Amino acid sequence: MKVLRLHPSEWLTEEDVFDALLTALQAPKWHAKDLDALWESITENKTNGVRTPFRVVIVTRGLLPYEVENFVARLDNLFFELNSNGVDVEFSVRRATESTP
């Protein structure tokens, strides 16, 4: 399973999260920045350069801005629903220590 590690040190908004995630998924520039479009591109498994199976891991060393934390929770729910519908994807947030890469 391919692992996509995202490091949110400069994320301030939902758009920042989408930019990082869509870049990691190798999504086309025209990909919409909304959860419905993300669901569709992952389930159809042909829009993005990264195909299932894959795991998204957000590695953070501290607190995230409220808007980002809230959106990450929504992404977690989306990936849970994708997985519940048989799509081979995983999502997690890892609180790293200074010694964790």
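In this predicted model, the largest pocket is lined by Asp-19, Leu-22, Thr-23, Gln-26, Ala-27, Pro-28, Lys-29, His-31 and Lys-33. Its volume is about 160 Å³. The lining is mixed in character, with 3 nonpolar, 3 polar and 3 charged residues.

One of the lining residues, Gln-26, also stands out in its backbone. Its phi is near 55°, a positive value in a residue other than glycine. Gln-26 sits in the loop between helix H1 (14-24) and H2. Its relative accessibility is 47%, so Gln-26 counts as partly exposed.

Another lining residue, His-31, is touched by Ser-41. Ser-41 belongs to helix H2, which spans residues 35-44. The relative accessible area of Ser-41 is 4%; Ser-41 is therefore buried, given that buried means under 20%. Beyond four places in sequence, Ser-41 also contacts Lys-46, Thr-47 and Asn-48. With Asn-48 there is a side-chain polar contact of 3.1 Å.

The loop between H2 and E2 holds Asn-45. Phi is positive here too, near 60°, and Asn-45 is not glycine. Asn-45 is partly exposed because its relative accessibility is 27%. The loop between H2 and strand E2 (54-60) also contains Pro-53. A cis peptide bond links Thr-52 to Pro-53, with omega at about 5°. Such features depart from the usual pattern, because most residues other than glycine have a negative phi and most peptide bonds are trans.

How values were computed: Residues numbered from 1 in each chain as written. Predicted model: local features only at pLDDT ≥ 70, side-chain atom pairs only at ≥ 80, totals over all residues. Heavy atoms only, no water. 1 Å grid on protein atoms, 1.4 Å probe; cavity = no way out; pocket = protein on both sides within 12 Å on 5 of 7 lines; lining within 4 Å. Points joined across faces, edges and corners; volume = space filled by probe spheres on them. Nonpolar A, V, L, I, M, F, W, Y, C, P; charged D, E, K, R; others polar. Helix = DSSP H or I, 4+ residues; strand = E, 2+ residues; numbered from the N terminus. Buried < 20%, exposed > 50% of the residue type's maximum accessible area, 1.4 Å probe, protein only. Polar contact = N/O pair within 3.5 Å; in protein donor to acceptor, adjacent residues only side chain to side chain. Contact = heavy atoms within 4.5 Å.
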